[in-house]
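Let's take a friendly walk through a protein structure together. Have the picture ready to turn as you read, and take your time with each stop.

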Amino acid sequence: MADVEMTEARLDTAEGSISSEYVEFWIDLFLGRKGHEYFCDVDTDYITDRFNLINLQKTVNKFTQVIQYIVDELDDGVLEQMSSARLEQLEHDARKLYGLIHARYVITIKGLQKMLQKYKEADFGRCPRVYCNFQPLLPVGLHDTPGVDCVKLYCPCCEDLYIPKSSRHSAIDGAYFGTSFPGMFLQAFPEMVPPRPVKRYVPRIFGFELHKQAQVARWQELQRRKLVHSLEQRGIDGGWK
Amino acid sequence: MSEYIGDNSRTGSSEESGTFDEWIPSFCARFGHEYFCQVPTEFIEDDFNMTGLGQEVPHYRKALDLILDLEAMSDEEGQDSEEPVSRSIVEHAAEQLYGLVHARYILTKPGLQAMAEKFDHKEFGTCPRYYCGGMQMLPCGLTDTLGKLTVRLYCPSCQDLYLPQSSRHLCLEGAFWGTSFPGVFLKHFKELEDYVDRKNKETYELRVFGFRIADEAPSGTRMRWLRQYPKTSEEQLELQDCEFQIPKVQ
Ligand SMILES: [Zn+2]
Ligand SMILES: [Zn+2]
């Protein structure tokens with residue numbers, strides 16, 4: 001029941017906002033912040049549905065209040081009576097909770113769609129590896145628990161992990177995207193999986209490849225050919241270029 | 001403010017008198033020129049080191065004089081004989097000439113030493129690949145011909161090539177470092193290779209809820225070979241077979 005009330009109240013404010021000139025929604029402010037470009041817009045319906053929040057209750061204090069704050073449902077009077085320290089804590093908790101809900105949302109059908117749009121616009125940056133040819137990247141966490149490690153970027157071309165270019169991005173918690181996101185994304189949109197580049201680099205001196213490096217590169221190419229062979233035997237096209 | 005100080009007072013008042021207008025230091029100090037090291041004028045004055053560059057760069061003589069801070073003199077004598085060339089054209093030629101000499105210099109012992117210092121200070125940036133753990137990179141050209149390709153960065157740890165992170169380095173001419181630089185650097189500083197060999201060779205594998213993705217899926221693992229190194233004795237034997245060619249897969 002509480003959910004229904006929340007959603008109804010939400011609709012009220014949405015309508016009310018037309019008359020008042022500048023109503024700034026918390027989520028919009030959050031998304032507009034410099035460095036938050038990797039986040040997508042989580043539907044308020046999703047945030048207010050208790051079913052989606054299972055096991056998140058203990059991640060912040062005064063869970064319900066934080067949720068209300070995120071969806072702009074918290075009474076102005078309540079906010080006004082808060083000390084600045086409490087407000088700061090509330091804002092901090094809201095960002096953390098939004099991040100954790102975000103990690104769940106981006107692996108839902110709607111969330112994947114929103115992230116697809118961002119991926120197509122290369123909002124997560126492009127692979128710095130020369131032979132990946134500016135392949136757009138996908139954010140990923142190495143842990144699903146917050147506070148362990150920062151977000152990394154996965155390249156679907158070279159299948160490797162990169163550190164975001166900007167320190168604004170490299171400081172974001174990886175748990176806000178989760179460990180499963182790129183895998184889910186590429187399974188949901190197999191047409192987004194690029195052909196893998198075979199080309200690679202071996203250092204040369206006046207045109208001659210360095211012997212040791214060239215030998216290892218040949219061995220690595222042998223491993224690739226063995227994979228091609230084993231995939232072919234199972235009737236799978238590896239999709240290299 | 002210094003612009004307003006009269007010409008005659010400049011020579012006397014300047015603290016580093018004599019150095020304020022030198023072409024090479026000011027070129028290397030320019031924003032975006034962090035990958036360049038300073039080539040000593042003696043190296044440039046040695047005709048042997050400049051062999052063939054006269055054909056590569058237009059207005060070679062004027063460009064050379066500019067680099068060596070001799071331009072004023074030649075300006076006076078050349079005025080009637082040669083057709084006047086605009087300052088910006090000569091400046092551009094000087095930059096090209098310096099870049100090409102630079103590519104030669106950094107393959108010499110003192111040049112390698114100068115670049116090693118920059119390498120140690122991470123002046124060429126660090127590898128963006130997560131598992132390389134901030135390994136320093138080396139600038140590298142993919143061709144030695146001017147005007148073809150911009151500079152790339154080579155990571156000795158993953159042995160791969162990357163684009164510079166900052167846009168101010170993205171448009172630098174690759175031929176100013178040349179195709180042989182990382183190779184010569186690795187050969188010269190053998191300890192770097194040992195260091196890299198000892199580094200951990202952790203790699204990433206895509207997972208969903210902890211499970212690896214099936215090979216049949218388009219997103220199944222296809223690139224593990226790129227970051228793979230021989231470990232078992234069997235793989236070591238296989239590596240030996242790869243000394244001159246890739247053996248057939250049966
Ligand atoms: Zn890549
Ligand atoms: Zn690397």
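We will begin with the two chains as wholes and then visit a few single residues.

Keep in mind from the start that this is a predicted model. Let's look at chain A before anything else. Its backbone folds into 10 helices and 5 strands. How far does chain A spread along its principal axes? The C-alpha trace spans about 75 × 40 × 35 Å. Another way to describe the spread is the radius of gyration, which is 23 Å for chain A, while a compact globule of 241 residues would have a value near 18 Å.

Now think about inside and outside. In chain A, 51% of the 241 residues count as buried. The chain still exposes about 11900 Å² of surface, and 53% of that is supplied by carbon and sulfur atoms. Charges are worth a look too: chain A carries 30 positive and 33 negative ones, and the mean positions of these two groups lie 16 Å apart. As for how the chain meets itself, take the contacts between residues at least 6 apart in sequence: 63% of them join residues at least 24 apart.

Chain B comes next. It has 12 helices and 5 strands. Of its 250 residues, 47% count as buried. The accessible surface of chain B comes to about 13700 Å², with 51% belonging to carbon and sulfur atoms. Among its contacts with a separation of 6 or more, those between residues 24 or more positions apart account for 63%.

Where do the two chains touch? One place to look is B:Glu193, which sits in helix H11 of chain B, a helix made of residues 190–198. Setting aside residues up to four places away in sequence, B:Glu193 touches A:Lys212, A:Gln213 and B:Leu186. With A:Lys212 there is also a polar contact of 3.2 Å between the two side chains.

Back in chain A, find A:Gly125 in the loop that runs between helix H7 (109–120) and strand E1 (138–140). Which residues does A:Gly125 contact, leaving aside neighbours within four places in sequence? They are A:Gln135, A:Pro136 and A:Leu137. A:Gln135 is 10 residues away along the chain, and its C-alpha atom is separated from that of A:Gly125 by 8.5 Å. A:Gly125 counts as partly exposed because its relative accessibility is 26%, and that class lies between the cut-offs of 20% and 50%.

Our last two stops are about the backbone angle phi. Most residues other than glycine have a negative phi. A:Phe206 has a positive value, near 45°, and it is not a glycine. You can find A:Phe206 in the loop between strand E4 (204–205) and strand E5 (208–209) of chain A. Is A:Phe206 buried or exposed? Its relative accessibility is 62%, so A:Phe206 counts as exposed.

In chain B, B:Gln159 also has a positive phi, of about 55°, although it is not a glycine. This residue lies in the loop between strand E2 (152–155) and strand E3 (160–162) of chain B. Why does B:Gln159 count as buried? The reason is its relative accessibility of 16%, because buried means under 20%.

Methods. Residues numbered from 1 in each chain as written. Chains lettered and ligands numbered in written order. Predicted model: local features only at pLDDT ≥ 70, side-chain atom pairs only at ≥ 80, totals over all residues. Heavy atoms only, no water. Helix = DSSP H or I, 4+ residues; strand = E, 2+ residues; numbered from the N terminus. Rg over C-alpha atoms; globule rule 2.2 N^0.38 Å. Buried < 20%, exposed > 50% of the residue type's maximum accessible area, 1.4 Å probe, protein only. Contact = heavy atoms within 4.5 Å. Areas by Shrake-Rupley, 256 points an atom, 1.4 Å probe, with all protein chains shown as cover. Lys, Arg positive; Asp, Glu negative; His and termini not counted. Charge placed at Lys NZ, Arg CZ, Asp CG, Glu CD. Polar contact = N/O pair within 3.5 Å; in protein donor to acceptor, adjacent residues only side chain to side chain.
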